[in-house]
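Me: I have a structure open that I haven't looked at before. Can you walk me through it?
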Amino acid sequence: MSDRSCEEIAGLLVDYADGQLSPEDSGKVAEHLAGCAACRAIVKGLHKSLELSNIIWQDNLEQAQNLPIPIAQTAAKRHWAGYAAVAAAILVFVTASVVRYLVRGPGEHGPSLAEIERRVIDEGTAAKLLAAAELLAGKSYANGLVKSQYRYIVDNYPHTQAAAKVKTLIQGDT
Amino acid sequence: MGAVCVDEVSKDCAARAEQRTGHRASQSNLLGVFSAELGRLKRIAAGMGLSSADCEDVLQDVSVQALKRAAEFQSRADCLRWLTTVTVNRCLMEHRRQRTFRRRAPEILRRRSAAETHPKPIEEWAIAAEELEIVRETLRQLDGHLLAPMVLSYFCELDSRGIAEILNLNQSTVRGRLREARMILARRLTQRGVEP
């Protein structure tokens, strides 16, 4: 077979090997291949090289398959959840305290402004500690740390919403 | 006058809230697509020859970029196209730095043969290793503009239209590059004297 006809057919070999030629073009290529060992070798090479490429790709994929999910999304969600919990706890307590103060007035056995301020700070601190503990909750290596964090919140901020939530969590566990 | 002012302030607050909500929705959308299509992105990175450690780094970078650019995309198709393009470009960067296809053929074959019940005879194993090494070397040396369409087409099974959108090319260019890449691989295999 002449080099010229090989050159003409070379542009069709990939599509022929992939089965993407029209029946007419496919027939032309098959006819050429019947008399040309060099082009037959290329077609075999096309099949073989793709098969081997797939082995390499698949091997890489198997190695990559067990990769952990990148942390950007989960970490961001957890941080937002923690901040929201802190903000919500402070907001609820401040609203309740101010309404109570306004309704009762300062002299009628209600808490003083200094007392309200202290409780707001306690609520915020306890909620922050709880949010941090919740970030670590579920990680086996941090079980001890989370439990001691829970105990600290209950012992030091017993009248806060965070402490109440911790008690519920502990009861749920037991 | 006071009522007008209050109305304007309310509208302003409502617009800001809407903007914030929209931002969050598109952000969760992009991250949702990232999470749902992680398998596909891993497949691209693996096909481009990245080791698992480099693959993890690349996907980490992509997820961070997704967080930064979250507000720019509305439809799922846009999100996916963008994520795929960024992943391909990031992998090409690793390919240019010659950090791809580093695992040599004997190692790949050893792992495969460990899973086979009937191991190959030694001569057959040697030929398979030689052929695989030629293809590995060729993929490693293949220019990025040929490797990317090759991986997207034959490993990720995208059609030439999808590849053209991701690589910002026209379809005939994609098909031309696919033919060129395939012929380079086939010729290298036949020229090196291994029985194809």
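Me: How many residues does each chain put into the contact?
Reply: Chain B gives 40 residues and chain A gives 27. Keep in mind that this is a predicted model.

Me: Which elements of chain B give two or more residues to the side that touches chain A?
Reply: They are helix 1 (2–36), helix 2 (38–47), helix 3 (52–68), helix 5 (105–115), helix 6 (122–141) and helix 9 (171–191) of chain B.

Me: And which gives the most?
Reply: Helix 9 of chain B, with nine residues.

Me: How do the residues on that side of chain B divide into nonpolar, polar and charged?
Reply: On the side of chain B that touches chain A, 23 are nonpolar, seven are polar and ten are charged.

Me: Switching to chain B itself. How many helices and strands?
Reply: Chain B has nine helices and zero strands. Buried residues account for 34% of its 196 residues.

Me: Among contacts in chain B between residues at least 6 apart in sequence, how many join residues at least 24 apart?
Reply: 73% of them do.

Me: What about the largest nonpolar core?
Reply: That core has 59 residues, and those with the most contacts inside it include L13(A), A45(B) and V135(B). Its largest share, seven residues, comes from helix 3 (residues 37–64) of chain A.

Me: What is V135(B) in contact with, leaving aside neighbours within four places in sequence?
Reply: From chain A, S49(A), L52(A), S53(A) and I56(A); from chain B, L185(B) and L189(B).

Me: Which residues are in the other core?
Reply: Another core of 13 residues lies apart from the largest one, with V86(A), A126(A), Y150(A) and Y157(A) among them.

Conventions: Residues numbered from 1 in each chain as written. Chains lettered and ligands numbered in written order. Predicted model: local features only at pLDDT ≥ 70, side-chain atom pairs only at ≥ 80, totals over all residues. Core = buried A, V, L, I, M, F, W, Y, C linked by C-beta atoms within 7 Å. Buried ≥ 20, exposed ≤ 12 C-beta atoms within 10 Å, placed from the backbone. Helix = DSSP H or I, 4+ residues; strand = E, 2+ residues; numbered from the N terminus. Contact = placed C-beta atoms within 7 Å. Nonpolar A, V, L, I, M, F, W, Y, C, P; charged D, E, K, R; others polar.
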